[in-house]
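Trainee: I am new to this structure and would be grateful for a close look at a single part of it. Could you take me through the cysteines first, and then turn to the ligand site?

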Amino acid sequence: MKTDKNNTSNRLNCSVVNKCGGCQLQHYSYEKQLEEKQKQVNTLLDKFCKVEKIIGMENPYYYRNKVHAVFDTDKKGNVISGVYEAGTHRVVPIDSCLIEDQRADKIIVTIRGMLKSFKIRTYNEDTKVGLLRHVLIRTGHKSGEIMVVLVLASHIFPSKKNFIKALLKVHPEITTIVMNVNNKKTSMVLGEREQVLYGKGYIEDTLSNKIFRISPKSFYQVNSVQTEVLYSKAIEFASLKGDETIIDAYCGIGTISIIVSDYVKNVIGVELNREAVKDSITNAKRNKVKNAFFYNQDAGEFMKQIALEKQLVDVVFLDPPRSGSTEQFLNSMVTMKPNKVVYISCNPVTLERDLAYLVKRGYEVKKAVPVDMFPGTKHVETVVSISHKKNRHAYQCKCVVW
Ligand code: SAH
């Protein structure tokens with residue numbers, strides 16, 4: 001990696017930027033990247049409201065707390081590790097990446113160097129010969145804990161104890177090591193079976209003063225610094241008074257629900273992924289949160305049910321996937337008429353579509369702020385504050401008992 005001396009922002013250059021394809025904007029200075037993202041969000045949203053200045057990172061490098069390397073062997077028989085070349089299954093060798101946690105990258109290089117002496121072969125997807133497929137590393141931004149997940153094609157891992165011992169000798173900072181078995185022809189990195197080889201099998205990290213458990217498969221925002229910024233903006237946009245019942249839709253492992261629980265009467269989280277819901281319940285208990293309740297259901301179905309039951313909800317936070325929300329969800333929400341909606345979006349195109357739907361049905365968009373969660377890439381997150389035109393708080397807000 002070289003520093004670009006002509007650039008005042010001390011830009012670092014990546015040598016595989018074109019082959020890897022993960023960082024579409026890495027060839028721009030960070031200022032220019034932010035400008036591009038701001039322009040994109042402005043173009044889509046300024047018909048609804050004022051778009052505030054994008055919140056960028058002070059240090060836009062090495063932010064990813066989840067790092068994945070695929071292992072292979074090149075034509076000369078050398079072990080390589082890196083990422084798949086965009087749109088292919090060819091591996092681009094990488095030793096260090098500008099957006100990945102540097103501790104994780106160093107561990108991956110060490111593992112690669114150990115394979116020969118331990119006679120561990122990398123897995124070949126065509127011949128199905130070999131053992132090591134991927135290494136996944138997750139790091140705790142505040143806790144400093146590090147989890148290494150070795151993804152193997154078979155559960156038979158010869159000299160596993162010595163391998164672990166040798167790895168820990170070089171990297172005593174590793175707090176847990178998990179073996180994951182993936183023997184399927186699939187683009188999924190992780191398989192079903194897991195065995196903890198060292199430590200507790202998960203890491204914990206702190207986000208906005210709450211502790212979250214992160215297992216190999218847990219969904220967890222990859223940029224911890226900007227996640228705190230994003231969530232605090234979302235909470236600020238909700239203008240909470242303390243007596244509200246809120247819904248946190250598409251809640252993942254319950255991060256927003258648990259963080260916001262201190263500021264409201266009740267939180268109801270809804271999420272489709274069963275494992276994530278289990279994690280959210282564990283996380284609520286871990287943080288002694290007693291006013292958050294989680295449901296494993298499609299968010300649209302859940303909203304429809306709540307609307308039919310005429311439950312009173314004051315604020316809805318929604319953080320849907322890139323495809324945005326659904327008509328069923330939005331339509332039910334319009335029926336429920338919460339005073340405030342805070343929309344967190346990772347795709348301004350679907351956000352524009354969903355806002356247009358709400359604006360035609362009694363809501364107004366107050367403000368929006370883009371947050372750069374993924375420097376180097378083209379992706380941008382946006383938080384939007386939406387209010388109902390007729391404040392329906394003539395109703396007494398009832399506590400919902402589940
Ligand atoms: N709010 C969380 C997660 C956001 S990612 C956080 O900040 O960490 C979007 C989440 O929506 C994922 O967890 C995904 O599993 C969930 N999801 C996708 N489709 C869904 C649906 N139809 N109903 C409920 N949840 C859904």
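**Cysteines and the ligand site**

Mentor: Cys 23 counts as buried, because its relative accessibility is 12%. Please keep in mind throughout that this is a predicted model. The structure contains zero disulfides. Cys 23 takes part in none, and the nearest cysteine sulfur, belonging to Cys 97, is 5.8 Å away. A disulfide is a covalent bond that joins the sulfur atoms of two cysteines. The cut-off applied here is a pair of cysteine sulfur atoms within 2.5 Å. Cys 251 can be treated in a similar way. Its closest cysteine sulfur, in Cys 346, is 15 Å from the sulfur of Cys 251, which is too far for a bond. Cys 251 is also buried, with 5% relative accessible area.

The ligand site may now be considered. Around the ligand there are 15 residues, of which Tyr 231, Glu 271, Asp 298, Ala 299 and Asp 319 come nearest. By character, this shell comprises seven nonpolar, five polar and three charged residues.

Several side chains place polar atoms opposite those of the ligand. In Asp 298, an N or O atom of the side chain is 2.8 Å from a nitrogen atom of the ligand. Gln 221 has a side-chain N or O atom 2.9 Å from a ligand oxygen, and for Thr 255 the distance between a polar side-chain atom and an oxygen atom of the ligand is 3.4 Å. Taken alone, the ligand exposes 570 Å², and 84% of that is buried by the protein.

Methods:
Residues numbered from 1 in each chain as written. Predicted model: local features only at pLDDT ≥ 70, side-chain atom pairs only at ≥ 80, totals over all residues. Heavy atoms only, no water. Near = heavy atom within 4 Å. Polar contact = N/O pair within 3.5 Å; in protein donor to acceptor, adjacent residues only side chain to side chain. Areas by Shrake-Rupley, 256 points an atom, 1.4 Å probe, with all protein chains shown as cover. Nonpolar A, V, L, I, M, F, W, Y, C, P; charged D, E, K, R; others polar. Buried < 20%, exposed > 50% of the residue type's maximum accessible area, 1.4 Å probe, protein only.
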